[in-house]
Amino acid sequence: MIHPDTVLQFISPEIGYGVFATREIPMGTVTWVHDSLDQILTPAQVQRMPEIYADPLTRYTYRTPEGNYVLLWDLARFMNHSCSPNCMGTHYGFEIAVKDIPSGGELTVDYVTLYMTPEESFDCYCRSPGCRWHITGDDMEALGDQWAGVTEAGLLRIWEVEQPLLHLLNDATLQRACEEHGVPYQLRFRKLF
Amino acid sequence: MIHPDTELRFVSPAIGFGVFATRLIPKGTITWGLCHLDHVLSPARRLEFPAAYADIILTYSYMTTRGEAILCWDIGRYVNHSCDPSSLSLSEEMEIAVRDILPGEQLTDDYGMLNIVVALQCRCGAPNCRGGVRGDDVRRMGAEWEARIRDAFAHAPRVPQPLLPLLRRPEALRDLLEGRAALPRPASFCASATAAAGMGSAPA
């Protein structure tokens, strides 16, 4: 489920729709959590589906490390790619804001973090500083460390900001995500002392 | 799944988004049909969701007489109501175009056929606007809906039906198209307001 302070907005015929903040969403906010309305389809299931589904399934899914397709059920499926994204995916079924997203700002993510295979690629029109123009699954090799650092910076703020989606994440998952990124999970309890 | 010759467009801040035809969709075409990707949420399943989901599910789904909430997986969830709609419910699992829908025209249906739980105000602007939509509209509108659906369905065997192979129960449409089954009467799948409220309410 996507953060509640978001709306769908049309951008241009080339890009289509995007997801925009209706209020400021500060860095460290969980912006999306995988939930049971997201449908998980195996590559075999996708192959058996009629041709008419091919386009939406390419557009509105992301891949898990196991190669399954996850069909996002809500506005999250309209989140666009940016080479300078303000949200980052984690391996734990949630995304986090890694910059302050102003009211009216578009929520974006680097699609290369969504487990593109090395063969997958697309042209990027984000034209942000550092735009890679042509995105391929291989980009992750060069970007992995950088994006891990950016994610860590976001996670460090997780207990400092309002979190409308945090109750959808289970504690163990969150703890594992913090540990992977070297963020002390105990910071959660800092306010108690 | 919604008919493939459609797209999402923003209508106005008050109405939000709507679904528009990108090519002619002839009268008699199935414009929406329940497919395998649509969510069928039983009352028990809905209770498993945190409160944050109740409003979303209520806004974007319609109810069956069995109390299931049908949440369309695609832009079908953005189809607006009109008191003079371009589609009507053929059954709980299909909508049918009751007139030619021209390119650029909005696809609408009649929420009075969707077992709505909470009555809605309507400002659709149609000359026959009822001013509101209620779960028991079938009592007043049933005969008119039935006549319009019957008239539209006469065209159904002669127009392309791109959704037929995608339906969860394609045989239900084939039986209708080939005359092996009679058209369901709206009263058989539009519950009265009290029945719908009892069975279809979303978790608080």
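**A small tour of one sheet and one loop in chain A**

Q: In this predicted model, in what order do the three strands of the open sheet in chain A stand?
A: Let's begin with the sheet itself. Three strands of chain A make up an open sheet, and their pairing is antiparallel. Their order is 4-6-5.

Q: Which strands of chain A stand at the edges of this sheet, and why is one side of each left without a neighbour?
A: Each edge strand has a single partner strand, so one of its sides has no neighbour in the sheet. Neighbouring strands here are turned by 30° against each other on average, direction ignored. The edge strands are strand 4 (39-41) and strand 5 (61-63).

Q: Which residue of strand 6 stands opposite A:Leu41?
A: Strand 4 and strand 6 (residues 69-71) of chain A run antiparallel and are joined by three bridges. Opposite A:Leu41, in strand 6, you will find A:Tyr69.

Q: Now for the loop: is A:Arg127 buried or exposed?
A: A:Arg127 sits in the loop between strand 11 (121-123) and strand 12 (134-136) of chain A. Its phi is near 55°, a positive value in a residue other than glycine. A residue with 12 or fewer C-beta neighbours within 10 Å counts as exposed. A:Arg127 has 11 inside 10 Å, so it is exposed.

Q: What is the phi of A:Trp133 near?
A: A:Trp133 belongs to the loop between strand 11 and strand 12 of chain A. Because A:Trp133 has 10 C-beta neighbours inside 10 Å, it counts as exposed. Its phi is positive, in a residue other than glycine, and is near 65°.

How values were computed. Residues are numbered from 1 along each chain as its sequence is written. Chains are lettered from A and ligands numbered from 1 in the order in which they are written. This is a predicted model: local features need pLDDT of at least 70, side-chain atom pairs count only at pLDDT 80 or more; totals for chains, interfaces and linings use all residues. Two strands pair if DSSP finds at least two bridges between them. Helices (H or I, at least four residues) and strands (E, at least two) are DSSP runs, numbered from the N terminus. Axes are lines fitted to C-alpha atoms, for helices over the stretch in contact, and angles run from 0 to 180 degrees between N-to-C directions. A residue is buried if 20 or more other C-beta atoms lie within 10 Å of its own, exposed if 12 or fewer, and partly exposed in between; C-beta atoms are placed from the backbone.
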